[in-house]
Amino acid sequence: MEPTSVIGTKNKKNQVFTDPRIMMREAPRTPSFYTGSEVIKEAIRRASIDVMIAYPITPQSEAAALIGELFAEGYIGDYFRGESEFAVMSQCAGAAFGGARVFTTTAGPGTMRAMENFPMWAGARLPIQCIVTCRGINSPLSIQPDTIEISYLMQTGMLVWHAETAQDFYDWILMGYMVSEEPDVHLPLALCCDGFFVTHTKDVVDLTPTDMCLPPYDPYRSPVPCMDMECPPVRMMRDPFIMKSNYISYATHASWQQEIWAAAERSRKHTIAWLNGLIETEDIDADVLIVTSGTAVSQGREAIRLLADEGIRVGLVKIKTLRPWPEEEIKEATKHATHIIVPEFNVIGWMAKEIKATIPRSERVVAGPRVCGGMTMPPEIIVEEIKRALGVRSTTLAARG
Amino acid sequence: MSKERITISPDLYDIMPSDYQDLVSKATYGKEDRGWKDIGTSKELIEQHSLCAGCPESMAFRYILASLPNPEDTVMVGSTGCTSLVFPMVAVHNIHSLFGNQNAIASGLKRALSVRFPDRIKDVVVLAGDGATVDIGLDMTLQAWFRQEKFTTICFDNELYANTGGQESGLMQKGFVAKMAPVGKLFDKVRLPEIARESGCHYVVNCTVSKPSLVEKVVRNAVLIAREIGPTYLQLYTPCILEIGKNSMEGLQEMRDSEKPAERFAFKEYISEPARQLLAERDAKAKEKKAAAKQLVS
């Protein structure tokens, strides 16, 4: 069945299955003042989701509960609360193995508890979308924003995108399914945002029409068989590879892992088309660049404005996708820069490490400023970091701290 | 799945593996009264297996696959362990993902199939070992039952972790000396059949797989009740002959010894009231059909 064959027909909620390109690029948009959680709900209303499985953990609980309301209204095929994030991610896997378009959300310790599932999702080529509203994972307990969990997700084989704003979130939820369900990709997507900053603040977001929705997922475009007994139940292998200690067994496992990462690489072309590039740049001829992702980008924008007032010119690189990693784009965008400032909301500085491993002359990278454990990042501390790097005397309060 | 889906194009027939050719021409997909008696005269839905010679688990697999009432529309869920060595040879779609999450996978799977095929029967059957069911996966086993998920859970109880080399498990007997129980297991065999009943299962059976006719009966009951009413649980003794010091030929006797009236695998069956009614209706219909057929003949 061609996935486009339903275009123009209506679902039971009277929404028209619309060509995603028309829905996302040409359809009229309505500015709406919503919290990030409400924006997730509005995107999911238009995403033709078959199964959503929820579990409470701050700060994603509100979004997960709001999607329950969509289920009660009839927009989603099935919805229930699982018993833990580990179970929820396995339930999501079961639903995706059965050919459903699946959505879920998690955060912080939940991401960590669920972690065993994520490489399994990628290995099984399940195009599940998981919203990750990042928060602290450390002890003592913290529910505040902190992006450290992203560094774990980046090694799972999933696609990992990092939204800056609620508008990113809205568009990327819908576009994310279009990318991850491509037959040559067919991988799960961890769509991350910084908890509270994006989920619990209100912003104006341009929404697509309520009466338009994505075409349904077609599981028969999957590169691996859908487990619904609608295609021949062939033997998958003559011997179970797990028990074989031989070259063919090792080669099979190795090539499959390589294939997962190759599939993530193949997502580039689709992602570039949908997201208008894996990075976004402003004034990259400047000597100093702020290069980062998430709300650290927003704070960077403020720092750039403050520095402009003082006559210091700073450019910006916003990294939208962490997997696939925009290696060439970052190299190109930073080739003129003398100082590359990487503000981050986590203690380890994973973004700075990634950038250092990507560009020539990595001593240009200033791995900071970094805040963690839920601290906010005043633009002034980015300003201070830049001035220190440039050897400019600073008089701000933060500079004396 | 209609049988047409597996039909081979005549042009490609001769290059298909013989076990696939047999599946198309001699398997019992769609046969209404399929059962253990088909073994030997039809193509089984299991092709070889890599278990130890004489392993009772291999018998159990064969009987269960012969007894599934609707294999052409059944999806099985396994877990890590000896069973995961067999599933790749099974001609029914099956999922292996992680260790212990089988009832969570099955919950999501059953719901997805219900959303996608609202007017068709799609059975889901979990088949996992006792470590997966009772130890690492107990939370998800029970929660699926609490939620009244409509699928069957079958536990191959060999009373230890066989695949990793015979370590203590929750279903092991008290006092048994095993790896990780160096002075003997200190607590009783977990009473999962009773817990299953209290957790909302509508059909619970505890038995061995010494009698294929019995396996057929309980599997058919369990799948039908799960399809129509709610969760069902079968705990089947499939002794690990290797780890309890038996030879290949001794598995059957071990099961017969363990199912005697006072033993731990004496046949026990619990049927909830709605399930009892369902089975009575089914039996009445079967009787009616038989009578009608008899009348037609005479």
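**Notebook: chains A and B**

I started at a proline: Pro59(A) sits in the loop that runs between strand S3 (51-54) and helix H3 (61-73) of chain A. The bond leading into it, from Thr58(A) to Pro59(A), is cis, and I read omega near 5°. I note here that the model is a predicted one.

I looked for other backbone entries of this kind. Gly368(A) and Pro369(A) are also joined by a cis peptide bond, with omega about 5°. I placed Pro369(A) in the loop between strand S16 (365-366) and helix H13 (379-390) of chain A.

I then checked phi at His186(A). The value is near 45°, which is positive in a residue that is not glycine. His186(A) belongs to the loop between H8 and S8 of chain A.

**Chain A overall**

I counted secondary structure next: chain A holds 14 helices and 16 strands. Its radius of gyration is 22 Å, and the globule rule gives 21 Å for 401 residues, so chain A is as compact as a globular protein of that length. For the extents, I have the C-alpha trace of chain A spanning about 70 × 55 × 40 Å along its principal axes.

**Domains of chain A**

I looked up the domain assignment, which gives chain A a domain 1 (3-221) and a domain 2 (279-400). Taken over C-alpha atoms, the centres of these two domains of chain A are 28 Å apart. How many residues does each domain bring to the contact? I find 20 residues from domain 1 of chain A and 20 residues from domain 2 of chain A.

I followed the domain 1 side further. Helix H7 (148-153), strand S7 (159-162) and strand S8 (189-194) of chain A each give at least two residues to the side of domain 1 that touches domain 2. S7(A) has the largest share of that side, with four residues. Sorted by class, the same side of domain 1 of chain A comes to eleven nonpolar, six polar and three charged residues.

**Helices H8 and H9 of chain A**

I took the pair formed by helix H8 (residues 166-180) and helix H9 (residues 247-275) of chain A. Their axes come within 9 Å and cross at roughly 155°. An angle over 145 degrees counts as roughly antiparallel; H8(A) and H9(A) are therefore roughly antiparallel to each other. The crossing of H8(A) past H9(A) is right-handed.

Which residues make this contact? From H8(A) I list Met175(A), Met178(A) and Val179(A), and from H9(A) Ser267(A), His270(A), Thr271(A), Trp274(A) and Leu275(A). By class, the contact of H8(A) with H9(A) has five nonpolar residues, three polar and no charged.

**Chain B against chain A**

Last, I turned to the chain interface. I find 35 residues of chain B in contact with 36 residues of chain A. Four elements of chain B each supply at least two residues of the side that touches chain A: strand S1 (74-77), helix H3 (83-86), helix H4 (102-116) and helix H6 (138-146). Which element gives the most to this side of chain B? H4(B) does, with eleven residues. I sorted the side of chain B that touches chain A by class and got 19 nonpolar, nine polar and seven charged residues.

Technical notes:
Residues are numbered from 1 along each chain as its sequence is written. Chains are lettered from A and ligands numbered from 1 in the order in which they are written. This is a predicted model: local features need pLDDT of at least 70, side-chain atom pairs count only at pLDDT 80 or more; totals for chains, interfaces and linings use all residues. Two residues are in contact if their C-beta atoms, placed from the backbone, lie within 7 Å. Ala, Val, Leu, Ile, Met, Phe, Trp, Tyr, Cys and Pro count as nonpolar, Asp, Glu, Lys and Arg as charged, and the others, Gly among them, as polar. Domain bounds come from an automatic or database domain assignment. Axes are lines fitted to C-alpha atoms, for helices over the stretch in contact, and angles run from 0 to 180 degrees between N-to-C directions. Angles under 35 degrees count as roughly parallel, over 145 as roughly antiparallel, 65 to 115 as roughly perpendicular and the rest as oblique. A crossing is left-handed if the near helix is turned anticlockwise from the far one by less than a right angle, and right-handed if clockwise. The radius of gyration is taken over C-alpha atoms; the globule rule is 2.2 Å times the number of residues to the power 0.38.
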